[in-house]
Amino acid sequence: MSKTTIFLGLLLAISCSWAWPYGETPVRGVNLGGWLVLEKWIGVPNVYDGLPSWVNDEWQLCEYLGYQEAERRLKAHWESWVTENDIIQLKNAGINHLRIPFGYWALEIPNGEPWVWGSWDYVMRACDWARKHGLQVMIDFHGAPGSQNGNDHSGHAGETAFFYHDSNFQLSTRVLGQVAKIFNASEWRNTVTIIQLLNEPVLWDDYNYRLDRLKQFYRMSYDEVRKNNDIAVVAVHDAFISSDNWYYLRDDPHYFWVMLDIHYYQVFTPEWSDYTCEQHWALPCRYVNGLRQANAKLWTIVGEWSLATPKNCNNQGYFARQQMGVYEVASGWVMWTFKHGAGWSEWDFMASQRNGWINLSGAITPQC
Ligand SMILES: *[C@@H]1O[C@H](CO)[C@@H](O)[C@H](O)[C@H]1NC(C)=O
Ligand SMILES: *[C@@H]1O[C@H](CO)[C@@H](O)[C@H](O)[C@H]1NC(C)=O
């Protein structure tokens, strides 16, 4: 090998080294939930004051209030829900990643849609604080046009039209390309280290067709991200199906540096109402093998989880350690969410930390 080859190799090795050693040092993160994609149940103050109870998501809120009033309320919320002091507290608590959910309307609003413009500025402000205080950012495409899951957290509850119109794929891909380009700039490359293509697409009632479409979308948007950004890790959500469906993203050389995002909740669906507290606490242990296997293929994180259960279970500290400890068998975790406006501490990292349920300074060892 010539000196030049060695030099070039070294240069490549240096220029391709990540700001975060994924798979080696666990991601310990929080979601900035209820912020740039509104979620009423997170108890965001003032935004929903005086509105009829059926106004339940950001689309409806904007439509009901009209642009001017919706803008007034949303800007006040965007301005205050996440502060620099929050970011400093999170950093001091041992958090190393922020996952930032945003919707397509932050970067492009089709004619006739009621969204308020301006949330992207707040993404950039949060990234700026993250950089200043030494946190990594996972930018998360949470609200896709047509909705990929029909839930309020996609911005528009109801239909799941995302899968059924090419225009939705094209708009989403344009938005992700813009995001990738923005964060390829040298001042962001070491901060915004993960770009997530889509949060929680659901396949249920049209499984085969939607899975096919989702794989198409992942390829299309992956290519657009890579065209604009040669360094970010690209994360895909597992769509709530078994991880081996996604191993092609490791085996097919078309793709590189892909992360798998799995969400584990123990609440919402009826199956959980039969669980005893002990069963809740033990459940994460049943994920160990699956997480290990997935993580050997693709860096795997649990990008959403919480301490909520249908029953009142004490010992949230134990439950937290069981979860975090198991998720760190893979590449780490991101709790949903950083805070809750109505005092639901099981959903609130900062409260959980204040309550002594979560302490990131020691080792986290699950009992499995
Ligand atoms: C991304 O940034 C790198 C490093 O500055 C640069 O070499 C590359 O050309 C950029 N890619 C695009 C598509 O701008
Ligand atoms: C967190 O754990 C560390 C190490 O085990 C301990 O020294 C510290 O007092 C704990 N902090 C709190 C707030 O409990």
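**Figure 1. The largest pocket in this predicted model.** A pocket here is an open set of grid points where a 1.4 Å probe fits, with protein on both sides within 12 Å along at least five of seven lines. By that yardstick, the largest pocket holds about 870 Å³ of space. Its lining takes in 33 residues, and those closest to the centre are E200, W204, F240, H263 and Y265.

**Figure 2. What the lining of the largest pocket is made of.** Sorted by class, you get 16 nonpolar, ten polar and seven charged residues. Strand β6 (258-263) and helix α10 (288-297) each chip in at least two residues. The top contributor is α10, with three.

**Figure 3. The second largest pocket.** This one comes in at about 220 Å³. There are 17 lining residues, and L307, A308, T309, E346 and W347 sit closest to the centre. Helices α9 (277-282) and α11 (316-327) each supply at least two residues of the lining. The class split is eleven nonpolar, four polar and two charged.

**Figure 4. Helix α4 crossing helix α5.** The axes of α4 (residues 84-92) and α5 (residues 119-133) come within 10 Å and cross at roughly 40°. That angle falls outside the roughly parallel range, which stops under 35 degrees, so the two helices are oblique to each other. The crossing is right-handed. On the α4 side, E84, I87, I88 and K91 make the contact, meeting W129, A130, K132 and H133 of α5. Taken by class, this contact has four nonpolar, one polar and three charged residues.

Key
Residues are numbered from 1 along each chain as its sequence is written. Chains are lettered from A and ligands numbered from 1 in the order in which they are written. This is a predicted model: local features need pLDDT of at least 70, side-chain atom pairs count only at pLDDT 80 or more; totals for chains, interfaces and linings use all residues. Side-chain values use heavy atoms; hydrogens and water are left out. On a 1 Å grid over the protein atoms alone, a cavity is a set of points where a 1.4 Å probe fits but cannot get out, and a pocket is an open set with protein on both sides within 12 Å along at least five of seven lines; lining residues have an atom within 4 Å of a point. Grid points are joined across faces, edges and corners, and a volume is the space filled by probe spheres set on the points. Helices (H or I, at least four residues) and strands (E, at least two) are DSSP runs, numbered from the N terminus. Ala, Val, Leu, Ile, Met, Phe, Trp, Tyr, Cys and Pro count as nonpolar, Asp, Glu, Lys and Arg as charged, and the others, Gly among them, as polar. Axes are lines fitted to C-alpha atoms, for helices over the stretch in contact, and angles run from 0 to 180 degrees between N-to-C directions. Angles under 35 degrees count as roughly parallel, over 145 as roughly antiparallel, 65 to 115 as roughly perpendicular and the rest as oblique. A crossing is left-handed if the near helix is turned anticlockwise from the far one by less than a right angle, and right-handed if clockwise. Contact means heavy atoms within 4.5 Å.
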